[in-house]
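Here are my notes on this one, written up as numbered points. Have the viewer open while you read.

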Amino acid sequence: MRSTAFTEGSGSEMIAGNSAWSKKHLLGMEGLTREEIGVILETASSLREVNHRDIKKVPTLRGKTVINLFFENSTRTRTSFELAGKRMSADVINFSVNASSVSKGESLYDTVANLKAMNPDVVVIRHPESGAPQFLAHHLDAAIVNAGDGRHEHPTQSLLDILTIDDNLLRLGRTEFSGLTVAICGDVLHSRVARSNAWGLATMGARVRFVGPPTLIPPHAAEVFGVEVHHDMESGLAGAEVVMMLRLQTERMQGGFLPSTREYFHYWGLDRRRLAMAAPEAIVMHPGPMNRGVEIASDVADDPERAVILDQVANGLAVRMAVLYRLCGGGRKG
Ligand code: CP
């Protein structure tokens, strides 16, 4: 699907000196330029300090309304969007399926029609169907943020991953993404994180590998995404500077993808022995939620030197603040 990532909108107010952002929605990483990604990362970097203040609140989005519309479970994304809106003084409404009329059979169209009547400024949506955020973008005046749609995209996850890698470039002996080798390992087929990162990291200049069994790699991945494909961990991890493990998404599988989770870990799990095949300073990432002992060993996941998994979560808050800020055309930072 050709994305309409950051489709042209009515023109958000921009931070002085930046002209790359005049877009209305964040629907995907596909189609986003390096400059557009750079603007979000710069904004996130400058907003990070708000989260370390004694009083963690700025008036930037006062008077703006953000609706979080989650049709799938979430810990990190929903919480960080809520916190991001609240730390910038927006009115944040959390709408979850179980507590809404969707559980009584209301359609997405009717839900959207009712949201429209409330005139929100931003709607953040997570939905099991690919394309649901695009549907909202067609029917609402609000800015739409894709917080994960089916197997399609999860752009704010990719942005926080790129920010986390950027934070670690120097320890990897680099000053830019060009030539950086990133191995995205495991259940790529069902992963919107892998897709968004394939687009986003390629745009930044990184070399991306998809590493996993043939049953869990999308067909024609090399041609579609411009990635290298490896069907064994040894070659996939060789020299990789960033090792991004993916959750085994059993809820999206209908039979036959793998024999057992135990066998999966044996062949595809990241343990110390496998991590030693990557570059000496390689960092370990995981979008969460993690299945310890299935795709990643606990001691690797908790390694304070190599794992940056909780840094990803912290950066997620800053990135989501930046995205809301840019889409709402925020004023002063406070
Ligand atoms: N990475 C991620 O999307 O996590 P949640 O499902 O907890 O939001």
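**Notes on the predicted model**

1. Let's start with a cysteine: C328 counts as buried, at 9% relative accessibility. Keep in mind throughout that this is a predicted model. C185 is buried as well, and its relative accessible area comes out at 0%. How many disulfides does a search of the whole structure find? Zero. For reference, a disulfide is a covalent bond between the sulfur atoms of two cysteines, and the cut-off used here is a pair of cysteine sulfur atoms within 2.5 Å.

2. Next, the sheet. It is open, has four strands in the order 2-1-3-4, and its pairing is parallel. Which strands sit at the edges? Those are strand 2 and strand 4, each of which pairs on one side only. Going from one strand to the next, the twist averages 15°.

3. For a closer look at one pairing, take strand 3 and strand 4. They run in the parallel sense and are joined over five bridges. If you want a spot to click on, I125 has N146 of strand 4 as its bridge partner.

4. Helix 4 covers residues 132-139, and its buried residues are A132, P133, Q134, L136 and A137. What covers them? The list includes strand 1, helix 3 (108-117), strand 3 (122-127) and strand 4 (143-149). So that you can read the word as I do, buried means under 20% relative accessible area.

5. On to the aromatics, where a search of the whole structure turns up four pairs. One of them is F71 with F95, a tilted pair at 6.4 Å centre to centre with 50° between the planes. F71 lies in the loop between strand 1 (65-70) and helix 2 (76-87), while F95 belongs to strand 2 (residues 91-96), so the pair ties together parts that are 24 residues apart in sequence.

6. Are those two rings buried or exposed? F71 is buried, with a relative accessible area of 16%, and F95 is buried too, at 18%. Both values count as buried because the cut-off is under 20%.

7. One last thing to look at in the viewer is a cluster of rings: W199, F210 and F225 are linked by ring pairs. As a reminder for anyone checking the geometry, a pair of aromatic rings is described by the distance of the centres and the angle of the planes.

Methods: Residues numbered from 1 in each chain as written. Predicted model: local features only at pLDDT ≥ 70, side-chain atom pairs only at ≥ 80, totals over all residues. Heavy atoms only, no water. Phe/Tyr/Trp six-rings, centres within 6.5 Å; stacked < 30°, edge-to-face > 60°. Helix = DSSP H or I, 4+ residues; strand = E, 2+ residues; numbered from the N terminus. Buried < 20%, exposed > 50% of the residue type's maximum accessible area, 1.4 Å probe, protein only. Contact = heavy atoms within 4.5 Å. Pairing = 2+ DSSP bridges. Axes fitted to C-alpha atoms, helices over the stretch in contact; angles between N-to-C directions.
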